[in-house]
Amino acid sequence: MSYTSSEWRAVESIADKAVEQSRTHPERRDLFLCHAWDDREASAAELYDRLKLNGASVWFSEKDVPLGTQLLREIDKGLLNSRVGIVLVTPALLKSIETEGIAEKELSVLLASNRVIPVAHGTTFEALRDVSPMLASHAGLDTAESSLGDVAAKIAAAAAALGDDDY
């Protein structure tokens, strides 16, 4: 994502603050990436990588759950220490919600926080509405309209705009 010089002047102090915060509070993240287990090595990993390339700090189970720890407890900590939840809505996630998998538990917490951005990828918001009308009611992004890279850049920019008080 490129910025004009005036745009960069507007976001530079926020970006600097985010860097300082990540140094002093390494457990905190801008974003929590909620995804289906089946997407962890493909679309979820790609979105994670693109968010990181755009400067966002992201809690991602594939990177943040140490071996030998309790998965649900680590997810709980990740949710606690993240400002915003990104829900990668794929056909696999829709199935996981219906079968009440771990993503369904994460989604419940994110919906209660009212800090959630759905990202439709390989599916539609109409299909999501059939499974989770509450999640579908949130403003989100669709990779059918923008590339995954553009979606990641937009989310990272939005996360950078949040202040330190947004935890």
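**Close-up 1. Arg-40 and the backbone of Trp-37.** A polar atom in the side chain of Arg-40 sits 2.9 Å from the backbone oxygen of Trp-37. Keep in mind that this is a predicted model. Arg-40 belongs to the loop that links β1 (29–34) with α2. Is Arg-40 buried or exposed? Its relative accessibility is 19%, and buried means under 20%, so Arg-40 counts as buried. Leaving aside residues up to four places away in sequence, Arg-40 touches His-35, Ala-45, Phe-60 and Glu-62.

**Close-up 2. Asp-39 and its partner Thr-90.** Asp-39 is found in the loop between β1 and α2. With a relative accessible area of 10%, Asp-39 is buried. Which side chain does the side chain of Asp-39 meet in a polar contact? That would be Thr-90, at 2.4 Å. Along the sequence, Asp-39 and Thr-90 are 51 residues apart, yet their C-alpha atoms are 8.1 Å apart in space. Thr-90 has company here: Asp-39 also touches Ala-44, Ala-45, Ala-92 and Leu-93, again not counting residues up to four places away in sequence. Ala-45 turns up in both loop views, since it is touched by Arg-40 and by Asp-39.

**Close-up 3. Helix α2 against helix α9.** Now for a pair of helices. Two packed helices are described by the angle between their axes and the distance between the axes. For α2 (residues 43–53) and α9 (residues 148–160), the axes come within 8 Å and cross at roughly 50 degrees. That angle makes α2 oblique to α9, and the crossing is right-handed. On the α2 side, the contact is made by Ser-43, Glu-46, Leu-47, Arg-50 and Leu-51. Facing them from α9 are Leu-148, Gly-149, Ala-152, Ile-155 and Ala-156. Sorted by type, the residues of this contact come to 6 nonpolar, 2 polar and 2 charged.

**Close-up 4. Helix α4 alongside helix α6.** The second helix pair is α4 (residues 71–80) with α6 (residues 102–113), whose axes come within 11 Å and cross at roughly 25 degrees. How do α4 and α6 run, roughly parallel or roughly antiparallel? Angles under 35 degrees count as roughly parallel, so α4 and α6 are roughly parallel to each other. The crossing of α4 with α6 is right-handed. Leu-71, Leu-72, Ile-75 and Leu-79 are the residues α4 brings to the contact, and α6 answers with Ile-102, Glu-106, Val-109 and Leu-110. By type, that gives 7 nonpolar residues, no polar ones and 1 charged.

How values were computed
Residues numbered from 1 in each chain as written. Predicted model: local features only at pLDDT ≥ 70, side-chain atom pairs only at ≥ 80, totals over all residues. Heavy atoms only, no water. Axes fitted to C-alpha atoms, helices over the stretch in contact; angles between N-to-C directions. Helix = DSSP H or I, 4+ residues; strand = E, 2+ residues; numbered from the N terminus. Parallel < 35°, antiparallel > 145°, perpendicular 65-115°, else oblique. Left-handed = near helix turned anticlockwise from the far one by under 90°. Contact = heavy atoms within 4.5 Å. Nonpolar A, V, L, I, M, F, W, Y, C, P; charged D, E, K, R; others polar. Buried < 20%, exposed > 50% of the residue type's maximum accessible area, 1.4 Å probe, protein only. Polar contact = N/O pair within 3.5 Å; in protein donor to acceptor, adjacent residues only side chain to side chain.
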